[in-house]
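Dear colleague,

I am handing over the structure below, together with some notes for someone who is meeting it for the first time. Please look through it alongside the text that follows.

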Amino acid sequence: MDLFNDEATCGYHLDFFQLYNWGLFNKNIYTVEAHNKSTLLTGENGSGKTTLVDGLLSLLVPPQIRFYNQSSGSEHKKDRNEESYVLGAFGNTQSGDSLAAKTQYLRTRENAVSILNASFYDASSDSFLTLLQVRYFSGTELQRVFALTKQSLRIEELTSFLKENNAMIDRSGRWKKFLSSQFGTVFFDSFNKYSDAFSQIFHLRSDKALKLFNQIVGLKVLGNLTEFIRSNMIDSLDAALEFEKLQNNYTKLLQCDKEIRKTKRQIELLEPVLATGKNWKDAVNEKARLEFLLDAVAPFKAENADKLLKQNIDELKSQLSQVEENLLNKKREIENLSNQIDSIKTSLAQNEISQRIREIDNSVKQLEEDKARVKATAEKFEQRVISADLEIPRTEIQFTKLISSVPSLIEKANQTKTQLDENKTQHAVNLQNLETQKNDILSELESLGNRNSNIPFENIKIRSKICNALKIAESELPFAGELLQVKSSESEWNYAIEKLLHNFALDLLVTDENYKRVTQFVKENDVGGRLVYLKTENSALENNFTPPETDTVPGKLNVKQNHALTHWLENYLAEHFNFRCTEDIAIFSRAECAITKSGLIKSGIKHEKDDRKKEGTNARRFIQVLGWDNSQKRRELSSLLDETNLQIETEKSETQKLASKIETQETKLRSFERILEYKFWNQIDFSGITKQIDELNDERKKLAANKDIKELQMQLDSKQDQKEIIETERGELNKKSGSLQNQLSQLQKKFEENKKTSFESKYGIKEKPVLVRFRSLDKKILLNVNGLQVSEMLLPVCDFESFDKSDLFSRIKRIFIIENEMVYLSFPEVADSICIWGHGFTATVFKSCSWFIKKEIFYFGDLDEHGFLILSDFRKYFPSTKSFCMNSRTLKTFDSFRSKGKSLSSNFVPQNLTEEEKLIFTELHNSASNNRDRLEQEHISNDYIEDALWDVE
């Protein structure tokens, strides 16, 4: 038999067990490494085996069934307890002449902190559970902390982490928050809650397992085995209850058998009906087949249209063939003229003067490109300087000074923004407090409208809860303040008396008849707030009351008459609140108890005056609680509500102003950061380039005056003019060829479509709509769907056409139409803008969106022939459409990413393009043979796009 067979992997096994300051395990951390396997614990007598086992019992077994030192026999079981283990009891000693033995301890109650820590591992779920207990003394009482962590956690780890955070395991409890935050540790205030938590994780159905563990851990002699198993390992069985369950299940089985027999009979009766139904279904199917054949007549009729379409297609093909022939002739003429032009250029090239002129032309061309580049950079720089509210530098010294000042400006702007953010946060907190105050006032006003007293709504709710539960009328449980009211002739003392009697006025007065029921309810229930009540004894209800003096608090009060508690209240006031009311300092000093109109209260040697302002108000206020007429309090609360509403509007206005200022600072910061991208003056200074160009042009004028050069130049100009005319004619032929190809393509498409029957239109089925996908590029522009604000939508084009009716329409200034989905999703933020995923749509999809005309439209497609063709189609309907990043600079910057595209078959150039766009279109078309006729837009970097957007904004 293998005693330590560890093949079982399901369930939790002890990984390690640690003790600190437990019994004689003193000052150091002692660890038993079990490694999730069966572990044999051996040692000499007194070596600490029982101490260690009792520590494990303390971690797992409830204290009411736990026994320490079991292995020592029943007579020694009570020798040890939790206190002795925490203090480290180690022996007895006698002092002096006393015969009494005194226990010796390793630790004192003041410094004793004991820790038990065990980690368990479940291989089947690969999960850990660590149980932690901490014990220390608070005075003479032993305090316990129970904790659970769903990961492996050693004492060394948690003490190291606490040390890093300047904390330690002590009586303050601050360390608990650190462990909860870092390790997810859960703390419990009782062993029962702690036990329930780990029992659920260990899948313990009851405390039988823990009780059994407690019984066998120190077992030496087993008497009656049967009795031991029955008492500790088998749950008690309620035979009567089990029999009742069995009987109920038998009854249910009988009912099921009856229902099955009934159902079988129903099926037998329904079989003829099923046969008839099958015959009917066959007849319906036959009818449907005949109707389908009848509907097939329409496609047969449509075949005649195919013949006419085919004739038109053949005619267009003939016209296209003639145009292609003319294009070939024009190409030959252009090649002939090109050869003559090359010959003249060769003659010019052999001339030294002509060679110098050509060199000058090349230099000027290069310088013009450099100038245009630097000028564009300078314009962008100036825009950023203006946006940052700075002065544009005109000299290198001014430029250097500006660049060197920007870091300090950034720091200052960041400080300003930080201060503005803090102010905005403070205003938000103020606004929240004011809203809470407003709601409290409204609740109080609503409550006051339903009653006459001035008692606060929160106290009224507590009384209502008690009265409803005990079926007692609220008049039987009055607040003291409901029976007291300052006399109208003494109104100048109202503030002081309210201050003095405020707490007493909120006390419930409970008679002898209701006292036990009220006390029982309050003891067993959460009343939802602070409650003070006074027991009014019947002996104090007799009328032995002496009228008070007029210059005392009782003398300035009216007590509600004809109430069961009137006399008790008069006596109570005379006994406890017989304060002298005076403004005379001499009288005030001599009196034992006195008050002034300003609220200065003297009681014996104690003097008190509370002039604190009520939070959220601008003036000193007090909550009136006395009296049975609340009209004055309602007026004051209404006035306070008006003030609060005004303060709320003020806070909202300040918050909006701060938001605007923060946005301004953020814009400045972005501009400052972009200004720092410019390091050198020559990045924006093109005056030197302009001077070089002027000098070269002057030199060229002088060289061009030579006679031989003039004659050759005239011949060259003549041939170039002829070539240009023929190229224009070829361009017109290309347009005609493109138009014919477009018509031919449409007819062929129609011919193919006509071969099919349009089931949608024939049967009235709704056709699949074209969907437009678009998203907001501005965080301020959020699309609204039934109250839900979203940043992206997918709409049928018919709904998108009506987008101008949306309340967001006026806030949109720009529309970016982007072909590639990846670029569409990653397109940077742009103020007042949305972007649409083009998805290869033709412009006809959006032609009904008339509101496009009122917006600034940018088209961003691939740089290939099809991309420029779509751009041209857009301009048919929306002439002001601008291209975005579809220029020579983009093509040159990302030249290495050019690849093979799908070239158009003809030399047709779209009409609605700018001159630069036409040149790019032609260059791409001519590059098809080199597989360089396409630049996909996803190769254009985000940084480049953001720079281009700067020009747009």
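How much accessible surface does the protein have, and what share of that surface belongs to carbon and sulfur atoms? The accessible surface comes to about 58200 Å², and 50% of it belongs to carbon and sulfur atoms. Please keep in mind while reading that this is a predicted model.

To begin with the overall picture, the protein has 953 residues, of which 35% count as buried, and it contains 27 helices and 24 strands. Among the contacts in the protein with a separation of 6 or more, 69% are accounted for by residues 24 or more positions apart.

Two patches on the surface may be worth finding in the viewer. One is nonpolar, covers about 280 Å² and is made by Leu24, Phe90 and Leu106. Leu24 is found in the loop between β1 (13–22) and β2 (25–33), and with a relative accessible area of 52% this residue is exposed, since the cut-off for that word is over 50%. The other patch carries negative charge and gathers Asp717, Asp721, Glu724 and Glu727. Of these residues, Asp721 lies in helix α20, which spans residues 707–754, and at 45% relative accessibility Asp721 counts as partly exposed.

The same helix α20 also holds a salt bridge, in which the side chains of Lys735 and Glu732 meet at 3.7 Å, N to O. The two residues are separated by about one helical turn, because they stand three residues apart in the helix. Lys735 counts as partly exposed at 26% relative accessibility, and Glu732 is likewise partly exposed, with a relative accessible area of 45%.

A search of the whole structure finds 42 salt bridges, and some of them connect residues that are further along the chain from one another. Glu821 and Arg773 meet through their side chains at 2.7 Å, N to O. This pair links distant parts of the chain, with Glu821 in helix α23 (residues 821–826) and Arg773 in strand β17 (residues 771–776), 48 residues apart. At 33% relative accessibility, Glu821 counts as partly exposed.

A further salt bridge brings together the side chains of Glu923 and Arg898, at 3.2 Å, N to O. Glu923 lies in helix α26 (residues 915–926) and Arg898 in the loop between α25 (888–893) and α26, so this pair ties together parts that are 25 residues apart in sequence. The two partners differ in their surroundings, for Glu923 counts as partly exposed at 32% relative accessibility, whereas Arg898 is buried, with a relative accessible area of 11%. Elsewhere, Arg66, Glu82, Arg135 and Arg144 are linked in a network of salt bridges.

Finally, which side chain of opposite charge is nearest to Asp507, a buried residue that has no salt bridge? That side chain is Arg530, which is 5.8 Å away, while a salt bridge requires a side-chain nitrogen of Lys or Arg within 4 Å of a carboxyl oxygen of Asp or Glu. Asp507 has its place in the loop between α14 (494–505) and β10 (508–511). If neighbours within four places in sequence are left aside, Asp507 is in contact with Pro478, Phe479, Ala480, Val532 and Leu534.

With kind regards

Note on methods: Residues are numbered from 1 along each chain as its sequence is written. This is a predicted model: local features need pLDDT of at least 70, side-chain atom pairs count only at pLDDT 80 or more; totals for chains, interfaces and linings use all residues. Side-chain values use heavy atoms; hydrogens and water are left out. Patches are made of residues with over 30% relative accessible area and no salt bridge: like charges are joined within 9 Å, nonpolar side chains (Val, Leu, Ile, Met, Phe, Trp, Tyr) within 5 Å. Accessible areas come from the Shrake-Rupley method with a 1.4 Å probe; for residues, only the protein chains shown count as cover. Lys and Arg count as positive and Asp and Glu as negative; His and the chain ends are not counted. The place of a charge is taken as NZ of Lys, CZ of Arg, CG of Asp or CD of Glu. Helices (H or I, at least four residues) and strands (E, at least two) are DSSP runs, numbered from the N terminus. Buried means under 20% relative accessible area, exposed over 50%, partly exposed in between (1.4 Å probe, protein chains only). Contact means heavy atoms within 4.5 Å.
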